[in-house]
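Please read the following explanation alongside the sequence and the coordinates. It goes from helix packing to single residues and then to aromatic rings.

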Amino acid sequence: MLRCTIPSRRWAAGSIRTHATALPTTHRANIPLLHRDDQAASSGLARYTKSEISEIYNSPLLDLVFTAASVHRKHQDATKIQLCTLLNIKSGGCTEDCSYCSQSSKYKTATKASKLLDLEPVLEAAREAKRNGSTRFCMGAAWRDLQGRKNNQSVLGVSSGMGMEVCTTLGMLSPDQARRLKEAGLTAYNHNLDTSREFYPSVITTRSYDERLETIAAVRDAGINVCSGGILGLGETDEDRIGLIHEVSNMPEHPESFPVNALVPIEGTPLEKNEPVGHQTMLRTIATARIALPKTIIRLAAGRHVYSESEQAMCFLAGANAVFTGERMLTTPCSGWDEDKAMMGRWGLTGLASFAQEERLAADETVESHSKHGGVGVEA
């Protein structure tokens, strides 16, 4: 398979160079702050200020997508898409007041409270997901936190001999709870920031922004991969989307994955009449996140079904490299496995193997360590 490799940024010299071509300045992406050749940018560890991220986000759209696609191909295999399947293991009855969520007990919606699923239905759902090509199995429970609850059995069951990455979203965690989930075999934990710090109180009042960051810190310190992103269409502005990317990209470590959700308005919630998120807004957000988080998996998550196949393909070009696929998400529609695999085949995309991202990041760390100590780097 022919692969396009972009070894490193050399934009300060007035061109983007690949192994075969040198594009003149007139064809260069018009994003001035990126025209630099520092070691942090080359390694994917650059930290951008909020004003810099704003400049990236507001650049001409085609330039932005071109630059994001180039960054993506430098740091990851752009032909791979991670297929994830999400199962709601305990729905409804949540005491939080997230204004977008039908599972909140504060609102009258069609979602009814249920008990935690037994282990066997969870295992069967994981087996079905694996048979259909999913390599990450995610489980969500409508809880505020894990206080007084036990959910390690499901994590242990799926992680034992299944050969799949296991992710959960179970509300707030203490450091001790995070450690126990790690011991049970958990691969990743999802805890979204949802939006910018400034807009957040307009969406949720029962859990603070800092409490979310504390859970993320507990997850990271326990050695679990952090999955943290946001939702578009909550009523936020471009500045809020920029603020979200700035917050996440300036965490002590970039998250392993960054889900980008488009709000699916649900009757009975405060946001039921919100307008759908335009494709250009989704595309700008994904492309900007890809530049700010070059080694992170960017997941085109809830709401993907409203975009056409060609619109989704543009998101993949801009750096999205994961989707949710299967029968359903937590409470919203989801594209099916056969539909997604057929689409990927038409665009020359294939599924990412389980744990491939972890292996890639470990290989990158080895190369960077050799480079720092004067060794000879070998491309991972």
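Helix α8, residues 238–249, packs against α9 at an angle of about 25 degrees, and the two axes are 10 Å apart. Because angles under 35 degrees count as roughly parallel, α8 and α9 are roughly parallel to each other. Their crossing is right-handed. On the α8 side the residues that meet α9 are R241, I245 and S249, and on the α9 side they are T281, T285, T288, A289 and A292. The model discussed here is a predicted one.

Helix α9, residues 279–292, also packs against α3, residues 61–75: these axes come within 9 Å and cross at roughly 40 degrees. That angle makes α3 oblique to α9. The crossing of α3 and α9 is left-handed, whereas that of α8 and α9 is right-handed. From α3 the contact draws on L61, L64, V65, T67, A68, V71 and H72, and from α9 on Q280, L283, R284, A287, T288, R290 and I291. T288 thus appears in the contact with α3 and also in the contact with α8.

T288 comes up again in the surroundings of I53, a residue of helix α2, which spans residues 50–57. I53 and T288 are 235 residues apart along the chain, yet their C-alpha atoms are separated by 7.3 Å. Is I53 buried or exposed? Its relative accessibility is 0%, so I53 counts as buried. Leaving out residues up to four places away in sequence, I53 touches Y48, I242, I245, H246, S249 and T288. Two of these, I245 and S249, are also α8 residues that meet α9.

Just ahead of α9 in the chain is a loop that starts after strand β7, residues 257–262, and G278 has its place there. G278 has 36% relative accessibility and therefore counts as partly exposed. The C-alpha atom of G278 is separated by 9.1 Å from that of A262, a residue 16 positions away along the chain.

A strand residue gives another case of a long sequence separation. V226 lies in β5, residues 225–227. With a relative accessible area of 8%, V226 is buried, because the limit for that class is under 20%. V226 and F258 are 32 residues apart in sequence and 8.6 Å apart in space, C-alpha to C-alpha. Neighbours within four places in sequence aside, V226 is in contact with Y189, I216, V219, R220, P255, E256 and S257.

These pairs can be set beside the totals for the whole protein. Among contacts with a separation of 6 or more, 73% are accounted for by residues 24 or more positions apart. The protein has 380 residues, and buried residues make up 54% of them. Its secondary structure consists of 12 helices and 10 strands.

Backbone angles come next. Most residues other than glycine have a negative phi. Which class of accessibility goes with D194? D194 is not a glycine, but its phi is positive, about 75 degrees. The residue D194 is found in the loop between β4, residues 188–190, and α7, residues 209–221. D194 has a relative accessible area of 2% and so is buried. F355 is also a residue other than glycine with a positive phi, near 65 degrees. The loop that holds F355 runs between β10, residues 350–351, and α12, residues 356–372. F355 has 27% relative accessibility, so F355 counts as partly exposed.

The last topic is the aromatic rings. How many aromatic pairs does the count come to? The count comes to one aromatic pair. It is formed by Y200 and Y209, with 5.2 Å centre to centre and 75 degrees between the planes, and is edge-to-face. The edge-to-face label follows because planes over 60 degrees apart are put in that class. Y200 has 3% relative accessibility and therefore counts as buried. Y209 has 4% and therefore counts as buried too. A ring can also lie under a charge: the charged end of R299 sits over the ring of F324, 5.7 Å from its centre.

Conventions:
Residues numbered from 1 in each chain as written. Predicted model: local features only at pLDDT ≥ 70, side-chain atom pairs only at ≥ 80, totals over all residues. Heavy atoms only, no water. Phe/Tyr/Trp six-rings, centres within 6.5 Å; stacked < 30°, edge-to-face > 60°. Buried < 20%, exposed > 50% of the residue type's maximum accessible area, 1.4 Å probe, protein only. Lys NZ or Arg CZ within 6 Å of the ring centre and 35° of its normal. Axes fitted to C-alpha atoms, helices over the stretch in contact; angles between N-to-C directions. Helix = DSSP H or I, 4+ residues; strand = E, 2+ residues; numbered from the N terminus. Parallel < 35°, antiparallel > 145°, perpendicular 65-115°, else oblique. Left-handed = near helix turned anticlockwise from the far one by under 90°. Contact = heavy atoms within 4.5 Å.
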